[in-house]
Amino acid sequence: MSSASLKPATMPLQDPGPTPAERAAVQAAIDACRALPGALLPLLHAVQDALGYVPAGALPLIAHALNLSRAEIHGVVSFYPHFRSAPPGRHVLQLCRAESCQAMGAGALETLARQRLGIDYDATSTDGAVTLEPVYCLGNCALSPALLLDGELLGRVTPQRLSELLDALETAS
């Protein structure tokens with residue numbers, strides 16, 4: 001093989017790290033949670049509560065603070081569907097996919113939401129208005145089908161009611 005056929009290795013792009021706001025939120029979560037037994041999950045929840053997601057740049061900071069590897073932190077963040085790695089839309093619509101809700105018509109809500117928003121689960125509408133997420137039990141089985149809209153639990157949701165909620169989100173945006 002001649003040296004002319006060798007291509008230079010390309011360097012991977014450097015992760016720019018957390019923004020100053022992300023760094024401050026992560027440090028506040030570290031300060032609040034570091035001493036707790038099993039601090040990782042409370043810390044990750046605190047970061048997501050503050051920022052709406054767990055940015056990739058937070059992983060090295062958390063790993064260093066808890067004396068864990070970045071891979072261990074990434075493994076936890078990627079394992080639990082609750083944690084987001086990207087900012088959500090202005091509104092978060094979580095549809096329950098548990099058995100009770102499925103039996104009571106959640107499939108129709110899922111179809112309607114996907115069609116109206118033009119997205120699938122774990123995605124955000126192109127205008128950045130709504131992030132659609134599946135959840136696997138909201139504990140509201142007696143009022144199935146249920147959903148969470150920006151943290152507000154709603155039960156006995158019909159396709160008509162969901163359509164009204166989506167209309168209201170479009171009007172508000």
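Which loop does Asn-67 lie in? Asn-67 sits in the loop between α3 (58–66) and α4 (70–79). Keep in mind as you look around that this is a predicted model.

**Unusual backbone spots**

Let's stay with the backbone for a moment. Most residues other than glycine have a negative phi, and most peptide bonds are trans. Asn-67 isn't a glycine, yet its phi is positive, at about 55°. Asp-150 is another non-glycine with a positive phi, about 50° in this case. You'll find Asp-150 in the loop between β4 and β5 (152–154). Here are the two with their surface values:

| Residue | Relative accessible area | State |
|---|---|---|
| Asn-67 | 71% | exposed |
| Asp-150 | 42% | partly exposed |

Asn-67 counts as exposed because its relative accessible area is over the 50% cut-off. Asp-150 is partly exposed because its 42% falls between the 20% and 50% limits.

There's a peptide bond to look at too: the one from Ser-144 to Pro-145 is cis, and its omega is near -10°. To find Pro-145, go to the loop between β3 and β4.

**Helix α4**

Just past the loop that holds Asn-67 comes α4. Which residues of α4 are buried? They are Ile-73, Val-76 and Val-77. Looking down the axis of α4, you'd see its buried residues fall within an arc of 95°, so they line one face of the helix. The spacing helps here: an α-helix has 3.6 residues a turn, so residues three or four places apart point the same way. What do the buried residues of α4 pack against? Their partners are α2 (40–51) and α3. Turn to the face of α4 that looks away from the buried side, and you meet Ala-71 and Phe-79, both exposed.

**Strand β1 and its partners**

Now for β1, which spans residues 91–96 and is mostly covered, with six of its six residues buried. In a regular strand the side chains alternate between the two faces of the sheet. In β1, His-91, Leu-93 and Leu-95 point one way, while Val-92, Gln-94 and Cys-96 point the other way. Both sets are buried.

Which strand does β1 pair with in the parallel sense? That's β3 (residues 130–135), and the pairing runs over six bridges. Within it, Gln-94 has Glu-133 of β3 as its bridge partner. With β4 (residues 147–149), β1 pairs in the antiparallel sense over three bridges. There, Leu-95 is partnered by Leu-147 of β4.

Terms used. Residues are numbered from 1 along each chain as its sequence is written. This is a predicted model: local features need pLDDT of at least 70, side-chain atom pairs count only at pLDDT 80 or more; totals for chains, interfaces and linings use all residues. Side-chain values use heavy atoms; hydrogens and water are left out. Buried means under 20% relative accessible area, exposed over 50%, partly exposed in between (1.4 Å probe, protein chains only). Helices (H or I, at least four residues) and strands (E, at least two) are DSSP runs, numbered from the N terminus. Two strands pair if DSSP finds at least two bridges between them. The arc is that of the directions from the helix axis to the C-beta atoms. Contact means heavy atoms within 4.5 Å.
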